[in-house]
Each structure stands twice: as structure tokens, then as C-alpha cells.
Amino acid sequence: MADEECDYLFKTVLIGDSAVGKSNLLSRFAKDEFYLDTKPTIGVEFAYRNTKLGDKIIKAQIWDTAGQERFRAITNSYYRGALGAMLVYDITRNETFEHVRKWLQELREFGDPDMVVVLVGNKSDLVDLREVEVEDGQKLAEVEKLCFLETSAKENVNVEDAFLQMITKIYKIASQKSLEAKNNESKPNLDGWKEIQVVDEVAPIKHNDCCTLV
């Protein structure tokens, strides 16, 4: 599917503290690979993956951003034009969870107000080292109106679901904007994605249409 023409191109970002597993989440989703000796991301890296939703082919352009403070000015610029963000923390390091609100603040300052955000507690396979409870992640996601999942890039648990949940919700928003624009007989403002006319009937988006997976 990698060489197929796409109907939509969505720019998304992976953000969170250093060493929470962002690069392995991306490599697991894009190439079904996992590396124990992953090195810290320098600046930004990206990968593509095509996904089929109904009769539409969605190409997700996923930017993996560095978590270190010294790269913050660089990574902030990649929020612009992003339609979705996966905000990752490490369930074995409470400080990475405590920093989630700081990352959210940056997203809301530099990103699009309609950006879809999925909160991800990674490394769920390390049960004995857990410092952040599932309920803590669920509660924060509810307060901040985010989607929430716990994942394990190592054991490939919920990784596919996390990305597809983000991509699917972006697609619903894009479809709804296209339909509204068609009804208003005006060109839609779809900055950040490639516009293809959508003919499917799309139900109105509910404010909290994300599921929680742990």
C-alpha cells in the first residue's frame, strides 16, 4: 500500500519526554520493528504509512520529535500544520507523566486548535516497574478531553490502535469540514491535509468519541 495514491495526507507528531519510547512506537507502527538500543532522537525524524479507511487511502506523515529541552525550539515549529499529536509518557517514570500538561500547553500554543491529541502511556509490559496507574492516565485524559491508551511498543500492544484512533478521528474532522463546505458552496479550509472530495455521509462528531484502551 506504500506506493498507492492517497486521498488524504495527514501530518501528525509524536511528542513527550526523552526515552518514553516515541521512536519505537513509530518504528513498530510504520515497519513493525522494535529496537532495545534505540538512541535519542536528534531534532526530528519522520516516517510514512498508508492506511485504508472505508474506500479512502490515508497517508499519515508522522514526525518523531526530540524530547530533550535543548531541541524544544526546533520541535515547536513542527506542531504547525499538524492535524494530530500522540503525547507519550512512560508508565515507569512518574516525572514523564507530570510533564504531560507542559507538553499540552506547547501544543495548544503552537498547534492548531482542532488538533486531535491521543495520550499514550507506553511500556505497559513493565508491570513491576509501574509508577503511573491506569486510572491516573484516564483521569487526566478525561479532564483535558483527550483520547487515552496504554501501549507496549516492545510487545506490540495497542500500538496500531493508538495510531488508527488518531488517524480515524482526523479523517472524521476532515470529512465533516468538506461536507460543511460543500453545503455552504464554499471551498473548505483544510490547511495541513490534501483535499479530496468526500462523498460519504459522515455523522456529526461527538465531543468525546475516543475509546480508552489499556
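Helices (H or I, at least four residues) and strands (E, at least two) are taken here as DSSP runs, numbered from the N terminus. With that in hand, glutamate 155 is easy to place: look in the loop between strand S6 (147–150) and helix H6 (159–183).

A word on the model. It is a predicted one, where local features need pLDDT of at least 70 and side-chain atom pairs count only at pLDDT 80 or more, while totals for chains, interfaces and linings use all residues. Residues are numbered from 1 along each chain as its sequence is written, and side-chain values use heavy atoms, with hydrogens and water left out.

Back to the loop. Glutamate 155 is exposed, at 52% relative accessible area; exposed means over 50%, buried under 20%, and partly exposed in between (1.4 Å probe, protein chains only). Its C-alpha atom is 9.6 Å from that of arginine 28, although the two residues are 127 apart along the chain.

Now for the rings. Rings of Phe, Tyr and Trp (its six-membered ring) pair if their centres lie within 6.5 Å, and planes under 30 degrees apart count as stacked, over 60 as edge-to-face and the rest as tilted. The whole structure holds four aromatic pairs, and two of them look like this:

| Pair | Centre to centre | Angle between planes | Type |
|---|---|---|---|
| Phenylalanine 29 and phenylalanine 163 | 4.2 Å | 10° | stacked |
| Tyrosine 89 and phenylalanine 97 | 4.9 Å | 65° | edge-to-face |

The phenylalanine pair ties together distant parts of the chain, with phenylalanine 29 in helix H1 (residues 22–31) and phenylalanine 163 in H6, 134 residues apart. Both phenylalanine 29 and phenylalanine 163 are buried, as are tyrosine 89 and phenylalanine 97. Elsewhere, Tyr8, Phe10 and Tyr171 make up one aromatic cluster.

Phenylalanine 29 has a charged partner too: the charged end of arginine 49 sits over its ring, 4.1 Å from the centre. Such a charge counts if NZ of Lys or CZ of Arg is within 6 Å of the ring centre and within 35 degrees of the ring normal.

Phenylalanine 163 also turns up in the largest nonpolar core, which has 30 residues; Phe10, Met86 and Phe163 have the most contacts inside it. A nonpolar core is a set of buried Ala, Val, Leu, Ile, Met, Phe, Trp, Tyr and Cys residues joined through side-chain atoms within 4.5 Å. H6 gives the most to this core, nine residues. A second, separate core of 23 residues includes Ala82, Ala85, Phe97 and Phe148.
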